[in-house]
Amino acid sequence: MLNFTHPIRWRIWPTIFSLISSFVRGLSQFLPYLDQPSRSLVDEDVERRGDCKGTDRNTATEENENVIFAEPSEPVAYEPPFEVLSQGSTALVSRVRPGVVVKSPRFSWWHSSTGATHKLVKDIQKSFSVEEQIYEILGEHPRIVRFLGVSQDPRGLLFAEASGGDLQAYIDQHVGTTDPALRVKWCREAAEAIHYIHQKGVIHSDLRPESYLLHNESLDLLLCDFGGSTSGNIDGGHLPDSGFFNPRNPWVSTKATDIFSLGSIFYTIMTDHWPYRSPGPFTSVEDKLAYGDMVDELFSLNKFPSTDGLLGGSVIQGCWMERYDEVEEILHDQDSSFKDCSAATNIT
C-alpha cells in the first residue's frame, strides 16, 4: 500500500491522482451517480436505508457504522459559487470580487462521510491549515502574496489577486523573448522572498516556478503556496519536485532544501526550461514521471547542467553544489554577478 505521508509520495501524488481522476471520469458513462460530485456514495447508501424505526437497533447501528467508516470510493468535490480562474489536483482559485481571490479545496472535509476517512481529503485539510498558519507567521511583505484571511462561504483562503498569473506559465508563453533585465530582476526577487521567510523561521519546502506569482505592470514576483511548508512544530510534509530537489540529501526540510531549489529556479528563469529539459510543459503523466527518474539519477551523481555563459551561472552552481548556508550570501553574489546587465548576451 502506498504511504502518502512519506515525502516522496507527496511529490508524485498529484500525478497519481490525475490518473485516478481520469479513470473515474471514464467510468461515469456506466455509473451515472459518479457524475454527481456534490453527493458522496456514503450519503446515498445511508438514504437507501431509510428510517430505522421497526428494525433491530443494533443491526441498524452496525449497518450505518459500516457505511460511515468505510473508505469512500470518491471524495466529495467542492464547487465554489464563482468562476474558477485556475485549478490543480488539490485546490481551485476563484475571483470573489475585483482584486480578491479565494483558494478553495478541491474536495471538502466538512462532509463527515468523506472528511473523516478519506486520506486525500484529510491531507488537503492539513495543507490548508498549515498554509493559514504560515501566512499568519509571515505577515505582509513585498515579495509575499498578500493574505486577507479565512473565508467560510466560499470556503477557503482569501488573497489579494496577482494580475500576471504564475511565473511558469509566463515562461512557457514567452520562450526566448523575455528581456534579460527582467530575468535578472526575477532572480533577485525570488531570492529576496526566500531570504525573508527564512528570517521568519519558515522553510517553503516545495519551490518551483509555479510557486511565484507575477503582479502589476512591472511583473514583480510574489511567493505563494505554503501548504507544504514547515516552521517549528508546523510541518506540511512536502518536498520539492524532481529537478528542484537534491536526492542526495535526507528527506527533511531545511534551509538547504530551499537554497537548492533556488538554483533550479534561477536556471529556469535564465534558460526558459527546467534542468535537463526542453522548453514547454510536460505532454503527459508518463513524460513527467520519466523526467523525474532521469533528473533524480543525474542529480544523485552530482551532475548538473552547464551554466557557462549564463548570467549568474556561478550562483546557480553554488546553490546546486551547496556552497551557500544562507540566502543572504546568494543575494551578495547576485549583486556582483548582475552589476552589468548588458553582459546578458547568451541566455538560451
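## The main nonpolar core

In this predicted model, the largest nonpolar core takes in 68 residues, and Tyr212 and Phe266 have the most contacts inside it. Helix α7, residues 180-199, is the top contributor, giving 10 residues to this core. Domain 1 (72-160) and domain 2 (165-345) both put residues into the core, so it lies between them.

What does phenylalanine 266 touch, once its neighbours within four places in sequence are left aside? Its contacts are Cys187, Ala190, Ala191, Val315, Ile316, Cys319, Ile330 and Gln334. Three of these, Val315, Ile316 and Cys319, also turn up among the buried residues of helix α10.

## The chain as a whole

Zooming out for a moment, the chain folds into 11 helices and 9 strands. It runs to 348 residues, and 46% of them count as buried. If you take the contacts between residues at least 6 apart in sequence, 65% join residues at least 24 apart.

## The five-stranded sheet

Now for the sheet. It is open, has 5 strands in the order β1-β2-β3-β5-β4, and pairs in the antiparallel sense. β1 (84-87) and β4 (147-152) sit at the edges with a single partner strand each, so one side of each has no neighbour in the sheet. From one strand to the next, the twist averages 25°. As a reminder, strands in a sheet pair through backbone hydrogen bonds, whether parallel or antiparallel.

## β5 and its two partners

β5 is a good strand to follow, as it sits between β3 and β4 in the sheet order. On one side, β3 (residues 100-105) runs antiparallel to β5 (residues 155-160), and 4 bridges join the two. Among the partners here, valine 101 is bridged to phenylalanine 159, while valine 100 is bridged to alanine 160.

On the other side, β4 and β5 pair antiparallel over 5 bridges. A hairpin links these two strands through 2 residues. Serine 151 has glycine 156 of β5 as its bridge partner, and phenylalanine 147 stands opposite phenylalanine 159. Phenylalanine 159 therefore shows up on both sides, with valine 101 and with phenylalanine 147. Is β5 buried or exposed? Of its 6 residues, 5 are buried, so the strand is largely enclosed by the rest of the structure.

## Helix α5 across the sheet

Helix α5 lies across β2 (91-97), β3, β4 and β5, and runs at about 35° to β5. How far should the 20 residues of α5 (residues 119-138) span? At 1.5 Å a residue the answer is 28 Å, and the end C-alpha atoms are 29 Å apart, which agrees.

The buried residues of α5 are Leu120, Val121, Asp123, Ile124, Ser127, Phe128, Val130, Glu131, Ile134, Tyr135 and Leu138. Note that Asp123 and Glu131 are on that list. Just past the helix, glycine 139 adopts a positive phi of about 65°.

## Helix α10 and its cover

Back to the surroundings of phenylalanine 266, where α10 (residues 313-320) has 7 of its 8 residues buried, so the helix is largely enclosed by the rest of the structure. The buried ones are Gly313, Val315, Ile316, Gln317, Gly318, Cys319 and Trp320. Helices α8 and α11 (327-337) are part of what covers them. After α10 comes glutamate 322, with a positive phi near 60°.

## Proline 240 in its loop

One loop residue deserves a look as well. Proline 240 sits in the loop between β9 (234-235) and α8 (255-271). Is proline 240 buried or exposed? It is buried, with a relative accessible area of 0%; the cut-off for buried is under 20%. Arginine 208 is 32 residues away from proline 240 in sequence, yet their C-alpha atoms are 7.3 Å apart in space.

Note on methods:
Residues are numbered from 1 along each chain as its sequence is written. This is a predicted model: local features need pLDDT of at least 70, side-chain atom pairs count only at pLDDT 80 or more; totals for chains, interfaces and linings use all residues. Side-chain values use heavy atoms; hydrogens and water are left out. A nonpolar core is a set of buried Ala, Val, Leu, Ile, Met, Phe, Trp, Tyr and Cys residues joined through side-chain atoms within 4.5 Å. Buried means under 20% relative accessible area, exposed over 50%, partly exposed in between (1.4 Å probe, protein chains only). Domain bounds come from an automatic or database domain assignment. Contact means heavy atoms within 4.5 Å. The expected span of a helix is 1.5 Å times one less than its number of residues. Two strands pair if DSSP finds at least two bridges between them. Axes are lines fitted to C-alpha atoms, for helices over the stretch in contact, and angles run from 0 to 180 degrees between N-to-C directions.
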